[in-house]
Structures are given as C-alpha cells and as structure tokens.
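Trainee: Could you take me through one part of this model in detail? I'd like a close look at how the strands and helices of a single chain sit together.

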Amino acid sequence: MNVTRGFTGRPRVHHPGLPPGQYDAGDDWPVLSAEVTPDLAPADWTFRVDGLVERPLTWDWDEAHALPESAYEGDIHCVTSWSKFGVRFGGVSLDAFLHVVRPHVSATHAVAYSHTGYTTNLPLSDLTGGRAWIAFEYEGKPLAPEHGGPARLLVPHLYFWKSAKWIAGIRLLDHDEPGFWEQNGYHARGNPWEEQRYSGD
Amino acid sequence: MTETFTPLTRFDVPGRIAVSNRAAAAWQTATLTEVRRETPYASTFRFAVPGWAGHLPGQHLMLRLTAEDGYVAQRHYSIASAPDDAGHIELTLDHVEGGEVSGWFHTVARPGDEVEVRGPLSGFFAWTGDRPALLIGAGSGVVPLMSMVRHHRARGLDVPLRLLVSARGPQELIYAREYGAETTPVFTRSAPEGVPVGRMAAAHVAPLLSEQPPGGWEAYVCGSNAFAEHASRLLVAAGQPVERIRIERFG
C-alpha cells in the first residue's frame with residue numbers, strides 16, 4: 001500500500017451497496033456519452049431483437065409498452081467511480097422480449113446497439129433472469145434524452161456503460177464480440193464488485 | 001451459425017487507437033515535481049513517471065490517492081502535456097468544492113509527493129495529428145485539447161487545427177499565455193475591453209465550418225455536460241457530420 005502523504009479523504013461511508021473504488025454521487029447523475037445526443041422521438045423509436053433467435057422481431061413504442069410493466073429500484077455504478085443509490089427506473093423486463101423471440105440454445109452472448117450506433121457486448125446470462133430492462137422512465141418521469149431517453153437498456157448489476165442509451169436492438173450471438181468501449185480498452189464484462197474496469201482487470 | 005455484428009449507424013467513429021492493456025492495468029508511482037498556478041481555481045501538476053509508456057493527445061489516465069487506513073480515492077483526469085515529454089506528464093486540475101482528490105492537490109500536495117497512476121486510457125478521444133481538428137472546450141475541458149495544440153506545435157504539423165475555448169473571463173482562462181493564432185477565446189461573463197461577452201454561439205462555429213479544410217474537420221468537444229450538449233448542437237446545426245464529433249464530458 002502506497003500511502004499518500006497528508007491524504008485523509010472524505011468521511012468513510014460504510015455502505016454495503018458501495019462496490020470497491022466507488023463513491024456516492026448523491027443527487028448528481030453525471031452524463032458521459034461520447035456521441036451527440038440524438039433527437040429521437042418516441043414515435044421514431046424502435047427496438048429489435050434478432051440474431052440467434054426463433055422469431056426475430058421489432059417493437060415500436062406502443063407495442064413495447066403493451067408488454068408487462070416492470071420496475072427496477074436499486075443502485076447504479078459508473079466505471080468513472082460514481083455510484084448512485086436508490087434510483088427507480090420503469091420499463092419492461094428484457095425477459096418479456098426474449099420470451100417472444102425465443103433464443104436458440106446456441107446463443108451465449110449479445111451485442112446491444114443504440115440508435116446512434118453505440119454498441120456494447122454482454123453475456124446473454126447477464127440479460128436474463130430479471131436482471132435487465134428496457135427503461136422508459138426515471139423516478140416516474142420520461143427518461144431524459146441525455147440519459148438515453150426515450151428508451152435505454154438497463155443492466156444495473158454491471159458498470160453503466162453496458163446500459164446502452166437510445167437502445168435500438170439486441171443481437172444474440174454464439175460468441176463474444178467487443179462493443180464500443182470494449183474495443184477502447186474497457187473490460188468485456190464490467191462487474192463493479194470485482195472492479196472489472198479495464199481489459200486485464 | 002456464426003455471424004459478425006455490424007450495426008447500422010450514424011455514429012461509427014471507430015476505436016482508432018489501440019490501447020495497451022498492459023499499460024492500462026498496472027499502477028505506477030508518479031512523483032510530483034512542479035506546481036504551476038494557471039488561474040485562481042486551476043493549477044497544473046507536473047509528475048515524473050519513469051515507466052510511462054507514452055500517450056496520445058486527448059487520452060486520460062486514472063489517478064489514485066491512498067489514506068493511512070487503506071481508503072482509496074480514484075479519478076479519471078485528462079492529460080494536459082504533449083506526448084513527447086519523455087517520462088513526464090502534466091495534469092491541470094480545477095479545485096472542486098469539497099473534492100477530496102482535487103482538494104488534496106490544491107491544499108496539501110507539494111513537490112516530492114507520490115501518487116499512483118494507470119494509463120493511458122481510452123483511444124476514443126485521442127488525436128494522432130493525422131487529420132484536421134476542430135477543438136471546442138470550456139473551463140478545464142480545454143485540458144485534453146491543449147495536449148493536441150501542444151502536440152501540433154511541438155511537431156510543427158501542417159494539418160489545420162483550430163481551438164474555440166470558453167471561459168467566464170480572462171482571469172479564468174486556463175493556458176491564456178500559451179494560445180496563438182489557432183485559438184479564439186469566448187468569454188461568458190467578463191472580457192477585455194472591445195471583446196464581446198456572451199455564450200458560445202453559431203457565429204463562432206459557422207465560419208470554421210464554412211472554411212473547411214479538404215476532407216473536413218474531426219471535431220473534439222470537452223466540458224461540462226451542459227456545455228457539451230450546447231456545443232455539439234452548434235456543430236450539428238453548422239453542418240458538422242454527427243459521426244465526426246467526439247465528446248468528452250466531465251463526470
């Protein structure tokens with residue numbers, strides 16, 4: 001351990017929900033997208049699931065909202081070191097979409113992609129079992145464009161770059177294929193509890 | 001059945017720079033050698049990092065401080081210095097109110113102190129000097145852009161480069177003494193006599209896009225989220241293709 005002379009740091013927070021190396025951002029919700037925020041109206045939004053599935057399908061805004069509602073209440077963690085506690089997103093569980101398209105048994109991974117072209121890769125097992133959502137609302141209000149509105153992927157148990165903003169689709173593959181940040185040196189999975197920030201962590 | 005995935009995209013900026021996973025994974029000791037005040041709120045911290053693998057203008061690093069009880073605080077910071085400064089890197093940090101890391105730098109740190117860094121990280125915002133660059137920054141958002149300006153100068157590059165930098169006033173303009181003909185400062189609260197005061201506007205951006213170099217500009221925007229949203233909209237409105245705008249937001 002290399003102690004920094006004279007550094008004490010902020011008061012210690014013994015929050016069991018805070019992963020290693022993270023701090024509580026409080027009321028802040030920093031925006032870190034690398035591209036221009038798109039001008040995307042709900043009427044122009046679509047979401048497609050295809051690749052290794054029985055029945056590829058595209059949902060529009062109304063069709064996606066006809067699926068059963070599901071909310072996430074909990075914490076989110078950004079690789080840049082902030083975490084945010086007790087947030088609430090409203091949307092639809094990704095399981096509801098996958099149930100309709102029926103993934104092949106050969107499907108092991110997925111690439112999520114945005115209407116901007118942003119991509120991120122995930123093991124399929126991180127998207128199933130009630131751990132991933134398509135989110136339309138934040139704290140009961142429509143999700144703001146800079147936070148991915150009208151709809152973003154939400155995978156809160158991984159670092160937040162996996163929760164692709166302006167989600168356009170998910171393609172199921174039989175192999176892992178690095179997405180945008182993953183090609184730029186970031187970790188393939190991004191589990192905050194194991195501090196999987198960068199490739200090699 | 002194996003397929004590769006290629007998204008249909010407007011934002012197809014590829015990861016242009018291969019990042020060394022080994023360099024990014026290892027923490028190295030950085031020894032503070034010099035502190036230079038830039039503005040009442042920002043100072044430049046120069047470090048000796050003997051094992052530094054080098055970086056490209058626009059890249060950042062992760063820095064960590066460790067308290068006696070093992071508590072660690074780590075932050076991403078853009079690198080201000082040009083790549084050619086062998087074994088040395090410079091960071092320019094705002095004194096953030098209540099900031100545990102920037103607070104330590106501005107009130108405790110002195111030459112000889114050791115911190116730890118890993119990097120360089122992320123090739124997305126990097127500029128290799130190969131294409132015309134239009135740089136737009138505000139406040140300490142000018143830091144990674146200054147690395148590009150310094151690189152351009154140090155190498156004597158011919159490729160066009162322009163910098164629009166927004167600051168509240170002349171006192172708050174970081175690197176004020178270093179700018180040359182490539183730079184246009186924009187002052188939002190107070191300005192020297194004869195210089196208009198106001199937010200960055202279409203009138204600043206449009207002329208640069210109406211006189212584009214062959215092949216057009218690569219645009220790099222850095223600042224707060226509010227500034228980045230504003231500046232990127234100005235660029236799009238002036239005709240800059242969305243897929244050729246890279247944005248780095250504070251956070």
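Mentor: Sure, and a definition comes up right away: two strands pair if DSSP finds at least two bridges between them. Helices (H or I, at least four residues) and strands (E, at least two) are DSSP runs, numbered from the N terminus. Keep in mind that this is a predicted model, where local features need pLDDT of at least 70, side-chain atom pairs count only at pLDDT 80 or more, and totals for chains, interfaces and linings use all residues. Residues are numbered from 1 along each chain as its sequence is written, while chains are lettered from A and ligands numbered from 1 in the order in which they are written.

Let's start at strand 8 of chain B, residues 161–167. On one side, strand 7 of chain B (residues 133–138) pairs with strand 8 of chain B in the parallel sense, over 6 bridges. There, G137(B) sits opposite V165(B). Strand 8 of chain B also runs parallel to strand 9 of chain B (residues 183–187), joined by 5 bridges, and L164(B) has T184(B) as its bridge partner in strand 9 of chain B.

Now add helix 3 of chain B, residues 143–155: with strands 7 and 8 of chain B, helix 3 makes a right-handed β-α-β unit. Right-handed here means that, with the strands pointing away from the viewer, the path from the first strand over the helix to the second runs clockwise. As for cover, 6 of the 7 residues of strand 8 of chain B are buried, that is, 20 or more other C-beta atoms, placed from the backbone, lie within 10 Å of their own.

Elsewhere in chain B, 6 strands form an open antiparallel sheet in the order 4-3-6-1-2-5. Strand 4 and strand 5 of chain B are its edges, each pairing on one side only. Inside that sheet, strand 1 of chain B (residues 28–39) and strand 6 of chain B (residues 114–121) pair antiparallel over 4 bridges, with T31(B) opposite E114(B).

Helix 2 of chain B (residues 100–107) goes with this sheet. Its buried residues include V101(B), S102(B), W104(B) and F105(B). They span an arc of only 155° around the axis, so they lie on the same side of helix 2 of chain B; the arc is that of the directions from the helix axis to the C-beta atoms. Among the elements covering the buried residues of helix 2 of chain B are strands 2, 3, 4 and 5 of chain B, where contact means C-beta atoms, placed from the backbone, within 7 Å.

Methods:
A residue is buried if 20 or more other C-beta atoms lie within 10 Å of its own, exposed if 12 or fewer, and partly exposed in between; C-beta atoms are placed from the backbone. Two residues are in contact if their C-beta atoms, placed from the backbone, lie within 7 Å.
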